[in-house]
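Reader: I'd like to learn how to read a model like this one, feature by feature. Where do we begin?

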Amino acid sequence: MPKDKTLEVLFHDTLKDIYYAEKKILKTLPKMARAAQSPKLKAAFEKHRDETEGHVERLQQVFELMGKRAQGKTCDAIEGIVSEGEEIIDNFKGMPAIDAGLISSAQAVEHYEITRYGTLKRWAEVLGMGDAAKLLGQTLAEESKTDEALTGLADSFANDMAKAA
Ligand SMILES: [Fe+2]
Ligand SMILES: [Fe+2]
């Protein structure tokens with residue numbers, strides 16, 4: 001059995017996966033902001049779009065720390081999550097449930113990011129890449145905060161708005 005497929009290779013492959021995903025999310029968040037009815041939700045998507053630019057930059061720094069070129073690899077998971085989100089936009093645009101639907105798809109994205117960053121941060125620690133672990137941890141914290149903010153928006157108005165037709 002070949003012995004060259006180490007944790008470092010797995011880390012590098014997963015880094016490419018999330019790099020692709022973040023770039024996809026960067027293009028998707030403005031569409032979600034446009035589809036949102038409430039100004040609060042629009043603002044939340046716009047804010048996270050700006051944060052996502054920072055996530056892409058941090059990943060570029062991690063590639064650099066590894067001495068590798070920043071490069072994405074098609075992430076089927078994010079493609080699927082985003083296309084389900086587009087389906088919600090198509091089906092609920094202008095309807096009372098649109099914001100609840102958008103929040104649900106945004107939270108699916110955040111949870112995907114949280115699982116990826118959680119794993120990558122831990123692997124970076126195991127690999128002795130302290131600086132990379134720190135960068136990945138910063139993004140992980142922002143994804144978790146965004147997820148909590150979305151729950152707050154769902155609870156404060158979006159779910160009720162969706163119910164009242
Ligand atoms: Fe992100
Ligand atoms: Fe995110």
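Author: Let's start with two acidic residues: Glu110 is buried, and Glu143 is buried too. Keep in mind that this is a predicted model.

Reader: Okay, so what do Glu110 and Glu143 coordinate?

Author: For any metal site, list the donors and then see where they sit along the chain. Here the iron ion (ligand 2) is coordinated by His48 (NE2), Glu110 (OE), Glu110 (OE), Glu113 (OE) and Glu143 (OE), at 2.0 to 2.5 Å. Along the chain, those donors follow the spacing H-x61-E-x2-E-x29-E. The pair Glu110 and Glu143 links distant parts of the chain: Glu110 sits in helix α4 and Glu143 in helix α5, 33 residues apart.

Reader: And which residues coordinate the iron ion (ligand 1)?

Author: That would be Glu22 (OE), Glu22 (OE), His55 (ND1), Glu113 (OE) and Glu143 (OE), at 2.1 to 2.4 Å. The spacing for ligand 1 reads E-x32-H-x57-E-x29-E. Another pair here links distant parts of the chain, with His55 in helix α2 and Glu113 in helix α4, 58 residues apart.

Reader: How far apart are the two iron ions, and which residue coordinates both?

Author: They are 3.4 Å apart, and Glu113 coordinates both.

Reader: Why do His55 and Glu113 count as buried?

Author: Look at the relative accessible area and compare it with the cut-off, which is under 20% for buried. His55 has a value of 0%, so it is buried. Glu113 also comes out at 0%, so it goes in the buried class.

Reader: Now a case by the cut-off: why does Gln107 count as buried?

Author: Gln107 lies in helix α4. Its relative accessibility is 19%, so it counts as buried, given that the limit is under 20%. Leaving out residues up to four places away in sequence, Gln107 touches Asp147, Leu150 and Thr151.

Reader: Let's zoom out. How many helices and strands does the protein chain have?

Author: Five helices and zero strands, so to speak an α-α-α-α-α run from the N terminus on. The C-alpha atoms fill a box of roughly 60 × 30 × 25 Å along the principal axes. Of the 165 residues, 41% count as buried. For contacts, check the sequence separation: among those with a separation of 6 or more, 81% come from residues 24 or more positions apart.

Reader: Which residues touch the most other members of the largest nonpolar core?

Author: With a core, look for its best-connected members and then for the elements that supply it. The largest nonpolar core has 43 residues, and Phe11, Leu15, Leu41, Phe45, Ile78, Leu102 and Leu136 touch the most other members. The elements giving two or more residues to this core are α1, α2, α3 (76–92), α4 and α5. Take Leu102 as an example: beyond residues up to four places away in sequence, Leu102 touches Met32, Ala35, Ala36, Leu41, Phe45, Ile88 and Ile89.

Reader: Last one: what lines the largest pocket?

Author: With a pocket, ask about volume, lining and chemistry in turn. The largest pocket has a volume of about 270 Å³. Its lining has 18 residues, of which Ala44, His48, Glu51, Thr146 and Ala149 lie nearest the centre. Two or more lining residues come from each of α1 (7–35), α2 (39–65), α4 (98–126) and α5 (130–163). By class, the lining has 10 nonpolar, three polar and five charged residues. His48 ties this back to the metals, as its NE2 is a donor to the iron ion (ligand 2).

Definitions and conventions
Residues are numbered from 1 along each chain as its sequence is written. Chains are lettered from A and ligands numbered from 1 in the order in which they are written. This is a predicted model: local features need pLDDT of at least 70, side-chain atom pairs count only at pLDDT 80 or more; totals for chains, interfaces and linings use all residues. Side-chain values use heavy atoms; hydrogens and water are left out. On a 1 Å grid over the protein atoms alone, a cavity is a set of points where a 1.4 Å probe fits but cannot get out, and a pocket is an open set with protein on both sides within 12 Å along at least five of seven lines; lining residues have an atom within 4 Å of a point. Grid points are joined across faces, edges and corners, and a volume is the space filled by probe spheres set on the points. Helices (H or I, at least four residues) and strands (E, at least two) are DSSP runs, numbered from the N terminus. Ala, Val, Leu, Ile, Met, Phe, Trp, Tyr, Cys and Pro count as nonpolar, Asp, Glu, Lys and Arg as charged, and the others, Gly among them, as polar. Donors are N, O and S atoms within 2.8 Å of the metal (3.2 Å for Na, K and Ca); water is not among the atoms, so sites may look incomplete. Buried means under 20% relative accessible area, exposed over 50%, partly exposed in between (1.4 Å probe, protein chains only). A nonpolar core is a set of buried Ala, Val, Leu, Ile, Met, Phe, Trp, Tyr and Cys residues joined through side-chain atoms within 4.5 Å. Contact means heavy atoms within 4.5 Å.
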